[in-house]
Amino acid sequence: MMTVIDKSLLAMVILRVLSGSIEVSAGLLMLKLNSLEKAFYINTMLALVGPTVLIVTTAIALFGLADKISVPRMICLFTGITLIFISVNVK
């Protein structure tokens, strides 16, 4: 029996699997290179991947749910995401 998968859900799943694959590959590359400096550099590059995937997957979900979520609830979600990024950047 074939199930219909929502395009938004499929896009989110693909992005998360890709993100996880990048993370695992980076870990294996760190292990192979066996250098603290190079591992640190790879880790800083990974710092760009996580937030980007978070923003993109959240945006996909919100567009997919736009007709099902009320405007106040959507504003709360955007506010929460904004607060996450502000808290990460606060020293």
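## Close-up views of a predicted helical protein chain

**Figure 1. Helix α2, from end to end.** Helix α2 has 30 residues, and from its first C-alpha to its last it reaches 43 Å. That is close to the 44 Å expected at 1.5 Å a residue. Keep in mind as you look that this is a predicted model. The protein chain averages a pLDDT of 89, and 98% of the residues score at least 70. Which helix has the highest mean pLDDT, and which the lowest? Among the elements of the protein chain, helix α1 (residues 7–33) has the highest, at 95, while helix α3 (residues 71–89) has the lowest, at 85.

**Figure 2. The buried residues of α2.** Follow helix α2, residues 36–65, and look for the side chains that are tucked away. Ala39, Ile42, Leu46, Val49 and Val53 are among the buried residues of this helix. Further along α2, the buried residues include Thr57, Thr58, Ile60, Ala61 and Leu62. What covers them? The cover includes α1 and α3. A general point helps when reading such a list: an α-helix has 3.6 residues a turn, so residues three or four places apart point the same way.

**Figure 3. Helix α1 beside helix α2.** Here is the partner helix, α1, with 27 residues. Helix α1 reaches 38 Å from its first C-alpha to its last, close to the 39 Å expected at 1.5 Å a residue. Two packed helices are described by the angle between their axes and the distance between the axes. The axes of α1 and α2 come within 10 Å and cross at roughly 175°. Because angles over 145 degrees count as roughly antiparallel, α1 is roughly antiparallel to α2. What kinds of residues make up this contact? They divide into 17 nonpolar, 5 polar and 3 charged.

**Figure 4. Ser19 and the buried residues of α1.** The buried residues of α1 are Ser8, Ser19 and Ala26, and they pack against α2. Let us zoom in on Ser19, which is found in helix α1. Is Ser19 buried or exposed? Ser19 has a relative accessible area of 9%, so it is buried. Leaving aside its neighbours within four places in sequence, Ser19 is in contact with Val49 and Val53. Val49 and Val53 are themselves buried residues of α2.

**Figure 5. Leu46, seen from the other helix.** Now switch to Leu46, whose place is in helix α2. Leu46 counts as buried because its relative accessibility is 12%, and the cut-off for buried is under 20%. Which residues does Leu46 touch, not counting those up to four places away in sequence? They are Ile22, Glu23, Ala26 and Met30. One of these, Ala26, is also a buried residue of α1. To get a sense of distance, compare Leu46 with Ser25: they are 21 residues apart along the chain, and their C-alpha atoms are separated by 11 Å.

**Figure 6. Helix α3 beside helix α2.** This view turns to another helix pair. The axes of α2 and α3 come within 12 Å and cross at roughly 180°. That angle makes α2 roughly antiparallel to α3. Pro51, Leu54, Ile55, Thr58 and Leu62 of α2 make the contact with Met74, Leu77, Phe78, Ile81 and Phe85 of α3. How do these residues divide by type? There are 9 nonpolar, 1 polar and no charged.

**Figure 7. Leu54 in close-up.** Leu54 has its place in helix α2. Leu54 counts as partly exposed, because its relative accessibility is 27%. Not counting residues up to four places away in sequence, Leu54 touches Arg16 and Phe85. Phe85 belongs to the α3 side of the contact with α2. The C-alpha atoms of Leu54 and Thr3 are separated by 27 Å, and these residues are 51 residues apart along the chain.

**Figure 8. Two exposed residues, Asn34 and Tyr41.** Asn34 lies in the loop between α1 and α2. At 70% relative accessibility, Asn34 counts as exposed. What is notable about the phi of Asn34? Phi is near 55°, a positive value in a residue other than glycine. Tyr41, by contrast, lies in helix α2. Tyr41 is exposed too, with a relative accessible area of 54%. The C-alpha atoms of Tyr41 and Gly27 are separated by 12 Å, with the two residues 14 residues apart along the chain.

Note on methods:
Residues numbered from 1 in each chain as written. Predicted model: local features only at pLDDT ≥ 70, side-chain atom pairs only at ≥ 80, totals over all residues. Heavy atoms only, no water. pLDDT = per-residue confidence, 0-100. Helix = DSSP H or I, 4+ residues; strand = E, 2+ residues; numbered from the N terminus. Axes fitted to C-alpha atoms, helices over the stretch in contact; angles between N-to-C directions. Parallel < 35°, antiparallel > 145°, perpendicular 65-115°, else oblique. Nonpolar A, V, L, I, M, F, W, Y, C, P; charged D, E, K, R; others polar. Expected span 1.5 Å × (residues − 1). Buried < 20%, exposed > 50% of the residue type's maximum accessible area, 1.4 Å probe, protein only. Contact = heavy atoms within 4.5 Å.
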